[in-house]
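Work through the exercises below with the sequence and the structure at hand.

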Amino acid sequence: MDLSLPDEARRAAEVIRRADIVIGIPSYNNARTIGHVVRAANAGLAKYFPQLTAVVINSDGGSTDSTREAVLSACVEDSRLMLLSTPLVAAHRLSFPYHGVPGKGSAFRMVFQMAKQLDAKVCAVVDSDLRSITPEWIDLLIRPVLFAGFDFVAPYYQRHKYDGTITNSIVYPLTRMLYGVSVRQPIGGEFGVSARLIRRYLARQDWETDVARFGIDIWMTTVAIAEEFRVCQSFLGAKLHDAKDPGSDLSAMLEQVVGSVFTLMQEYAPVWQRRTGSTPAELFGFRFDVGLDPIQVNVDRMVQAFRRGCEDLGEIWETTLGKRTFMAVRRLGNSLGESRESFHLDDELWAEVILDFACAYRKHPLARGMILRSLTPLYLARVASFVRDTENLVADEVEEKIEQLCLTFQNLKPSLAARWNGEPVQGGGRRPQRERAAANEMDQTNVEV
Amino acid sequence: MIETLKNILEGALERLQQQMTTYLPSFLAALTLIFGAYLIATLARWLIYRIFKGLTVDKFLRQSGIAFLVDPSGGLRATRLAAGTVYWFILLSGVLLGLNVFNTDLTTQIIQSFVFLVPKLFVAGLILLSGTWLGQYLGRGMLVWAVNENFPSPRRLAAVVRILIMFVAVVVAADQLDFARSVFLAAFIIFVGGAVLAGSLAIGLGGRKMQRFFEERTEQTGDSERSLWNHL
């Protein structure tokens with residue numbers, strides 16, 4: 001019996017006794033959208049897995065807007081609407097407040113504990129603010145685990161070119177470089193997880209760290225990849241979700257997500273130092289093009305944030321970045337005075353910035369929060385450059401750009417490993433553009449991507 | 001006349017001899033003690049240097065981030081600092097022991113003051129060191145926060161935090177040493193009172209400006225644009 005489960009959850013588990021599938025939905029004040037998510041989950045379970053027993057669990061962070069009532073009262077679709085000949089039976093629906101540090105990670109923890117308690121074969125987790133979820137998502141997240149022997153199903157979305165910038169500029173290239181497996185949306189938010197992997201997650205002792213908050217997604221993906229669980233991706237179409245909390249802070253998000261990546265990077269240093277190149281995780285689902293919500297960006301404001309960073313954060317960057325990287329950043333900052341139009345933080349400098357931050361994060365444990373928060377202006381500079389670069393590009397061309405960035409990260413892996421081990425860096429630092437391009441071309445022919 | 005001169009000279013020589021016999025052994029003993037202390041201090045410095053090097057204290061401080069927070073330039077070497085402290089402590093103790101040989105009221109008073117002062121000095125030093133560390137830490141935290149939140153004059157804000165914390169540390173350290181207690185306390189009250197008054201005036205007079213600043217900031221990060229910040 002797991003003592004960290006809330007009493008009512010434990011009692012419910014004792015009544016239900018066992019379930020083949022558990023669908024987890026973390027929530028906090030999502031009354032507006034969670035009903036749709038629960039209906040989609042129910043319909044997906046009834047349509048694709050009618051022969052299996054299932055439970056939909058809402059793990060709530062203390063909502064005050066009747067989110068839990070919305071879960072319990074969400075009505076099931078009519079069988080005829082779903083084109084089903086048999087009556088549609090709703091899965092068990094449960095809603096409990098979770099214990100521990102407030103955040104998505106703590107919510108997932110309770111879902112996983114319930115899945116273990118109910119001896120579930122598979123557990124899928126989906127966000128509660130999704131507007132584009134369909135019953136097919138449930139099938140795509142569960143089927144690879146149930147019928148193809150995979151342990152971890154990551155989502156693969158069609159996203160706007162300016163959506164998911166932390167994923168595109170940091171988490172995806174870095175995770176792929178480190179662990180040699182290309183999972184396009186490592187912090188997607190929707191996952192399918194096998195019973196074996198759930199046991200592994202629950203056995204870990206780092207649930208009270210940033211993992212409990214925004215770090216949970218990258219933590220789940222990294223543990224699965226680094227510990228050689230079978231990982232695949234499922235194409236889910238577009239991800240459209242409710243506007244997030246306006247008060248949420250970019251620096252805090254960066255701190256939690258990037259901090260989780262860097263922390264795991266230390267734990268799995270022997271793993272990533274052994275791995276070279278990268279291979280894509282298998283992709284399931286029928287790919288199709290979808291219309292996406294437009295995203296407005298203010299490049300000038302981002303450049304302005306970088307300028308302020310250059311003016312005021314020099315003393316922190318100087319001790320965080322390597323000497324050459326710091327000089328390059330300073331030159332970039334100085335160039336702002338000449339012309340804002342020519343401003344560009346290129347792939348190699350960006351990759352070096354991230355790797356320097358990773359090393360500094362390891363080197364200065366007491367100043368980690370401050371180091372990570374000082375990354376914000378540099379991140380904004382990178383996003384501004386990316387936006388300018390891709391202004392007139394279509395989705396495939398943007399994907400090609402991101403691919404180039406990934407290869408740049410991969411090129412720098414040997415120098416990262418050397419620095420990590422305190423060895424002198426062979427040929428480190430920024431190479432001339434032409435040389436870099438040549439190296440990238442070579443890598444493109446060598447690495448399977 | 002000659003006899004008188006002779007008597008004076010003899011008296012002077014006699015007094016010199018008497019003083020020599022009284023103080024010279026003490027002086028030589030004091031010199032020996034100081035020399036001995038010097039030898040022990042040198043030996044202790046060498047030993048501590050070796051032990052700290054062996055225990056890789058500097059590496060630990062560097063890796064734990066303590067060195068970075070106290071001295072971001074990376075120049076702090078705890079090994080050298082500890083060895084130097086022990087060296088000067090032993091040498092100073094030797095000098096005091098040497099003075100004690102003379103057994104005068106003055107030397108006894110000096111030694112007593114020193115013995116009572118050492119623990120206080122140690123505590124005051126710790127307070128100042130902690131103040132420096134905390135000032136640096138919070139100052140930098142404030143700097144990064146102010147830059148990310150687009151606050152005006154982030155470096156000034158950070159400097160204010162540093163100065164405030166250092167000032168508090170100095171006041172507490174001075175209080176610990178019983179050094180100009182009332183002066184520091186008065187200065188502290190004036191400083192804090194002044195800061196509160198200045199803050200109140202700033203909020204009163206600049207309230208409208210602040211409101212405009214926050215409104216502009218909110219407008220700048222409108223819902224459509226905010227989506228970029230929130231989509232991971």
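Three exercises with solutions follow, on a predicted model.

**Exercise 1. The nonpolar cores**

State how many residues the largest nonpolar core has, and which helix gives the most to it.

Solution. The largest nonpolar core has 148 residues. Those with the most contacts inside this core are A:Val22, A:Ile23, A:Val111 and A:Cys123. Helix H14 of chain A, residues 347-363, gives the most to this core, with 10 residues. A second core, separate from it, has 5 residues, among them B:Ala37, B:Ala83, B:Tyr87 and B:Ile90. To see the surroundings of A:Val111, set aside its neighbours within four places in sequence; its contacts are then A:Val22, A:Gly24, A:Ile57, A:Ser59, A:Cys123 and A:Val125.

**Exercise 2. A helix pair**

Describe how helices H4 (residues 104-117) and H7 (residues 195-203) of chain A pack.

Solution. Start with the geometry: the angle is about 125 degrees and the axes are 10 Å apart. An angle between 115 and 145 degrees counts as oblique, so H4(A) is oblique to H7(A). The crossing of the two helices is left-handed. Next, list the contact residues: H4(A) supplies A:Phe112, A:Gln113, A:Ala115 and A:Lys116, and H7(A) supplies A:Ile198, A:Arg199, A:Tyr201 and A:Leu202. By class, the residues of this contact are 5 nonpolar, 1 polar and 2 charged.

**Exercise 3. Helix H8 of chain A**

Is helix H8 (residues 216-226) of chain A largely enclosed by the rest of the structure or exposed?

Solution. A residue is buried if 20 or more other C-beta atoms lie within 10 Å of its own. In H8(A), 11 of the 11 residues are buried, so this helix is largely enclosed by the rest of the structure. The buried residues include A:Asp217, A:Trp219 and A:Thr221. After H8(A) comes A:Glu228, with a positive phi near 60 degrees.

Terms used:
Residues numbered from 1 in each chain as written. Chains lettered and ligands numbered in written order. Predicted model: local features only at pLDDT ≥ 70, side-chain atom pairs only at ≥ 80, totals over all residues. Core = buried A, V, L, I, M, F, W, Y, C linked by C-beta atoms within 7 Å. Buried ≥ 20, exposed ≤ 12 C-beta atoms within 10 Å, placed from the backbone. Helix = DSSP H or I, 4+ residues; strand = E, 2+ residues; numbered from the N terminus. Contact = placed C-beta atoms within 7 Å. Axes fitted to C-alpha atoms, helices over the stretch in contact; angles between N-to-C directions. Parallel < 35°, antiparallel > 145°, perpendicular 65-115°, else oblique. Left-handed = near helix turned anticlockwise from the far one by under 90°. Nonpolar A, V, L, I, M, F, W, Y, C, P; charged D, E, K, R; others polar.
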